[in-house]
Amino acid sequence: MRTAYSVETVRAAERELMARLPEGALMQRAAAGLAAACAQLLRRARGGVYGARVVLLVGPGDNGGDALYAGARLARRGAGVTAVPMDPERMHPGGWAALRAAGGRVERAVPQRADLVLDGLLGIGGKGGLRPAAAALVERIPPGVPVVAVDLPSGVDADTGEVAGPAVTAEVTVTFGAYKPGLLIDPGASRAGAVHLVDIGLELPSPQVEALQHADVAALLPEPTATSDKYRRGVVGIVAGSAQYPGAAVLAVAGALRGGAGAVRYVGPAAVQDAVLARYPETLIGPGRVQAWVVGPGLGEGRAGEVARLLAGDTAVLVDADGLRGLDATALRARTAPTLLTPHAGEAAALLGVERTSVEAGRLDAVRVLAQRYGAAVLLKGSTTLVASGGESAVRVNPTGTPWLATAGSGDVLSGLTGSLLAGGLSGADAGAVGAYLHGLAARRVGGPLLAHQVAEALPMAWQDTRRP
C-alpha cells in the first residue's frame, strides 16, 4: 500500500530525525537518491551521465539545496551542470559551494540546449502556484526536455494536489521520505509523472491518504468457500433504470453479476425488467432478500420515495446518480447500516451547495466534508477517484483509473460492482476502494476506447489480476 502524509507530518518527522543525525546528513541522503534517479533517466535517454547537459532551476530553500547537491554529484560523473537561480543572492550556500567545487556554473537565463532539467524551485511548503519570477523560469524550459521535480512539482499543493496557478509538469518526481497527497490526487498527480520514492529514514504515524495495491485488494476481496451458496455469497438488489434510461439498469446488473455477487435482484419498471432479463436471464426479479441495495442509476425523476424507503431500512445501501438528489443528511447520519454515496463532481457540488469547479479544484477536501456531513462513506468519482469514510481514517486514492472510463454507463457498472462487494460483507469504504480499483483494472484490460459493458465483461479478469505480483 502506498501511504501519503501531510506536510506538517513530514516536517515533524524530518525534525525528529535531523536531531539524531549529523548536520546536513538528511539533505545528502535526499540528494543521493535524486542524483541516482536522474542518472537512471539519463542512461535510458542517452546512454549515460557523462557529457549530459543538466539544468537546475534553483529556489531559495532546501528544495534548491537538494537540487544543487544532486547537481554536484552529476557533475562529478561528467555531466555539464548549470544552475539557474530564482534569486542568486539566496541560493543554498552549502549546495552552491558543492556544485561550484564539482565544476558546475551559474547562469541567469535558462539554456535552450539541455538533456535534463531539475525543478528545485519550491518545496512541499509552496502554496498558491508559482510566483512570477519562478513562472518565468519554467516558461523557458526547452520543449521536449524531460523535467525531474525535486520532492514535488513546483506550484502543486503538497497536501491537496490543488494547482492554483502556473505549475511545473514533470516527467518524473523524486520525492523524499514519504509520498505527499498532492502526488496522488489530481490535478497535482497529473503534473507529477512517474513518482519515485527515496527512503531517507523517516518514522511516520498513520497516513492521511493511502492507495491500495494488488495485494491489498486481493486480501479484501470476498471469496466463496466450499459451503457457500448464493445467499452466503451476497445478494445485491438493484433499483435503477427508467423508460428514458433502461440501459443504466442493464449495466448496473452487469457490474453486480461480474463483480462477485451470489445473485442479483432487480426491482424496477416492467419494460426495464424485460431488458435486464433479455441480457441476463439469471437475474432475480422483484422484491426479496438482499444483503445490499444499489439505488439511483438512470432512476429518473419522481422516485425519491424509493430512495428514502431503502435508506429507512437496516440494509447496506449504495446511492448513485439520480438517487443522490435531495438527500437528507440528518436521516443518513442516523442510519446504522453501511451507506455509500458515489457522486461525480457535479453531484458532489450539489450535495455540498458549492460550484462544481470548487470540488474539482479541491477534491480531497470535498470528499472529506461530504463523508462528515452525511455520516456515510463517499466515493467521489473523477480523474482521481477518492473514497472517504469520515473520522480519522485515511482517504483512499484509486491508482488504477484511466481517462477512457469517462464514457456513458461507466458509473452504472461501477455502482453494480461496488454494490456486490457491499453485499459480500465489505464496509462502505472498503467496497468503494476495491470497486474503484477493479473497475480501473478492467478498463485497462480493455485498453483504449471502450464501452461500459466491455468493462463489466473484463471484471473477472481484473479479479485475477490482483493475485499476480
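Biologist: What is the volume of the largest cavity?

Modeller: About 50 Å³. The model is predicted, and this value is computed from it.

Biologist: What makes that space a cavity rather than a pocket?

Modeller: A cavity is a set of points where a 1.4 Å probe fits but cannot get out, whereas a pocket is open. The program searched the whole structure and found 1 cavity of 30 Å³ or more.

Biologist: Which residues line the largest cavity?

Modeller: The lining holds L212, T385 and V387, then R396, V397, N398 and P399, and also A433, A436 and Y437. Strand β18 (395-397) and helix α18 each supply at least two of the lining residues. The most come from α18, with 3 residues.

Biologist: How many of the residues lining the largest cavity are nonpolar, polar and charged?

Modeller: The split is 7 nonpolar, 2 polar and 1 charged. Arg counts as charged, and R396 is in the lining.

Biologist: Now the largest pocket. How much space lies in it?

Modeller: About 790 Å³. Its lining has 33 residues. Nearest the centre are K381, G382, L405, A406 and S410.

Biologist: Which helices supply at least two residues each to the lining of the largest pocket?

Modeller: They are α10 (246-258), α14 (345-352), α15 (356-361), α17 (410-423) and α18 (428-446). Helix α17 gives the most, with 4 residues.

Biologist: How does the lining of the largest pocket divide into nonpolar, polar and charged?

Modeller: There are 11 nonpolar, 14 polar and 8 charged residues. Gly counts as polar, and one residue of this lining is G382.

Biologist: On to the strands. Why is β14 called largely enclosed?

Modeller: Count its buried residues. Strand β14 (residues 316-320) has 5 of 5 buried, so the rest of the structure largely encloses it. Buried means under 20% relative accessible area.

Biologist: How do you know that both faces of β14 are covered?

Modeller: Check each side in turn. A316, L318 and D320 are buried on one side, and V317 and V319 are buried on the other.

Biologist: What makes β13 and β14 a pair?

Modeller: Pairing needs at least two bridges. Strand β13 (residues 292-295) and β14 have 4, in the parallel sense. Within this pair, W293 stands opposite V317.

Biologist: Which residue of β15 stands opposite L318?

Modeller: It is L340. Strands β14 and β15 (residues 339-342) also pair in parallel, over 4 bridges.

Biologist: What makes the crossover from β14 to β15 a β-α-β one, and which hand does it have?

Modeller: The chain leaves β14, passes through helix α13 (residues 329-334) and arrives at β15. The crossover is right-handed. Strand β13, helix α12 (residues 304-311) and β14 also form a right-handed β-α-β unit.

Biologist: How do you know that β7 is mostly covered?

Modeller: In strand β7 (residues 172-176), 5 of the 5 residues are buried. One side has V172, V174 and F176, and the other has T173 and T175.

Biologist: Which strands pair with β7?

Modeller: Strand β6 (residues 147-150) runs parallel to β7, with 3 bridges. Here V148 stands opposite V172. Strand β8 (residues 194-198) is also parallel to β7, with 5 bridges. There F176 faces V198.

Biologist: Why is A4 called buried?

Modeller: The cut-off is under 20%. A4 has a relative accessible area of 0%, so A4 is buried. This residue lies in strand β1 (residues 2-4).

Biologist: How far apart are A4 and A178 in space?

Modeller: They are 6.2 Å apart, C-alpha to C-alpha, yet 174 residues apart in sequence.

Biologist: How do you know that the span of α3 is close to the expected one?

Modeller: Helix α3 (residues 62-76) has 15 residues. From first C-alpha to last, α3 reaches 21 Å. The expected value at 1.5 Å a residue is 21 Å, and the two are close.

Biologist: What makes α3 mostly covered?

Modeller: In α3, 12 of the 15 residues are buried. Among them are N63, D66, L68, Y69 and L74.

Biologist: What follows α3?

Modeller: G78 does, with a positive phi near 105 degrees.

Note on methods. Residues numbered from 1 in each chain as written. Predicted model: local features only at pLDDT ≥ 70, side-chain atom pairs only at ≥ 80, totals over all residues. Heavy atoms only, no water. Buried < 20%, exposed > 50% of the residue type's maximum accessible area, 1.4 Å probe, protein only. Right-handed = clockwise from strand over helix to strand, strands pointing away. 1 Å grid on protein atoms, 1.4 Å probe; cavity = no way out; pocket = protein on both sides within 12 Å on 5 of 7 lines; lining within 4 Å. Points joined across faces, edges and corners; volume = space filled by probe spheres on them. Expected span 1.5 Å × (residues − 1).
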